[in-house]
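Please open the model in your viewer and keep the selection panel at hand. The tour moves from the whole chain to its interior.

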Amino acid sequence: MGPPGAEPAGKPPWAVRLSGVSKVHGQGTGAVHALRDVSIDLPVGGFTAVMGPSGSGKSTFLHCAAGLDTPSSGTVHLGDVELSGLSEDKLAELRRERAGFVFQAFNLLSSLDVLGNITLPLRLAGKRADADWLREVVDRVGLTDRVDHRPAQLSGGQQQRVALARALVARPEVVFADEPTGALDSRTATDVLTLLRRVVDQTHQTVVMVTHDPVAASYADVVLFLVDGRIVDILPHPTVDTITRRMASAEES
Ligand code: ADP
């Protein structure tokens, strides 16, 4: 044991650390600077929303943070692991072990039932789902009486809850969500956001979510605002009102 308050060796306080990350898509005259010198720590057990106008670099930020894309310069840590220099195989393994993903498109397999979809990533990783945890995750997303349904038999909100359960079942340290409520009506969006909030509050997992929606972002602990590939503002304790005002002033600037 170290002194009181010290972090145990090997466990940094950040779930994700970006240091001087820039990303250029394309080359020459067609080059687009999607991220410019972005440095930020996303703390363990925090819920971070990433906002900004279309084309400001939100998806690139998420993809670089999650090891789905490689920065042109700078470094990304997922927990204690630095991603640059890892082979594609190692990156894929790290993502499988540490990260869960929820996208606007639910990406469910239509031939598998709910349970089959939720456990697919584990099975692909050659692992078995812990039965108690699986039951708890399915229960938490409210799908216990739907486990043998196919995606086509579910509403959009239910399908997104399947995608969320699939992201959570391997107990990832970080859940990366790209517009997870973009295709949902407001009531089902509320369900999904409440679940993401619970993931942070009850199991101390970390959530990073890209969104356009001030209501969705208000579930986060902090909102990062991107403009033209840079973090231009960091809003702690966000409310719908403060987020909306910040967005309006960004549009004016
Ligand atoms: P956002 O998610 O905020 O809409 P993106 O990260 O998708 O922003 O894109 C940031 C900038 O990078 C945009 O100008 C976009 O056109 C460009 N971009 C994103 N991905 C690619 C790519 N694969 N090839 C070329 N340009 C890209």
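The stops below begin with the overall fold and end with the nonpolar cores.

Start with the whole protein chain in cartoon view, bearing in mind that this is a predicted model; the chain has 8 helices and 10 strands. Along its principal axes the C-alpha trace spans about 50 × 45 × 45 Å. A compact globule of 253 residues would have a radius of gyration near 18 Å, and because the chain has 18 Å, the two agree. Of the contacts with a separation of 6 or more, 68% are between residues 24 or more positions apart.

Next, switch on the surface, whose accessible area comes to about 12400 Å², with 52% of it belonging to carbon and sulfur atoms. If you then select the charged residues, you will have 25 positive and 30 negative charges, and the mean positions of these two sets lie 4 Å apart.

Now hide the surface and turn to the interior, since 45% of the 253 residues count as buried. Which residues touch the most other members of the largest nonpolar core? Select Ile118, Leu196, Val207, Met209 and Val223, which do so within this core of 42 residues. Helix α6, residues 186-203, gives the core its largest share, with 7 residues.

Centre the view on Ile118 and, leaving aside its neighbours within four places in sequence, display its contacts, which are Leu134, Val138, Val162, Ala165, Arg166 and Val169.

For the last stop, select Val21, Val38, Leu94 and Phe176, which are among the 27 residues of a second, separate core.

Conventions:
Residues are numbered from 1 along each chain as its sequence is written. This is a predicted model: local features need pLDDT of at least 70, side-chain atom pairs count only at pLDDT 80 or more; totals for chains, interfaces and linings use all residues. Side-chain values use heavy atoms; hydrogens and water are left out. Helices (H or I, at least four residues) and strands (E, at least two) are DSSP runs, numbered from the N terminus. The radius of gyration is taken over C-alpha atoms; the globule rule is 2.2 Å times the number of residues to the power 0.38. Buried means under 20% relative accessible area, exposed over 50%, partly exposed in between (1.4 Å probe, protein chains only). Contact means heavy atoms within 4.5 Å. Accessible areas come from the Shrake-Rupley method with a 1.4 Å probe; for residues, only the protein chains shown count as cover. Lys and Arg count as positive and Asp and Glu as negative; His and the chain ends are not counted. The place of a charge is taken as NZ of Lys, CZ of Arg, CG of Asp or CD of Glu. A nonpolar core is a set of buried Ala, Val, Leu, Ile, Met, Phe, Trp, Tyr and Cys residues joined through side-chain atoms within 4.5 Å.
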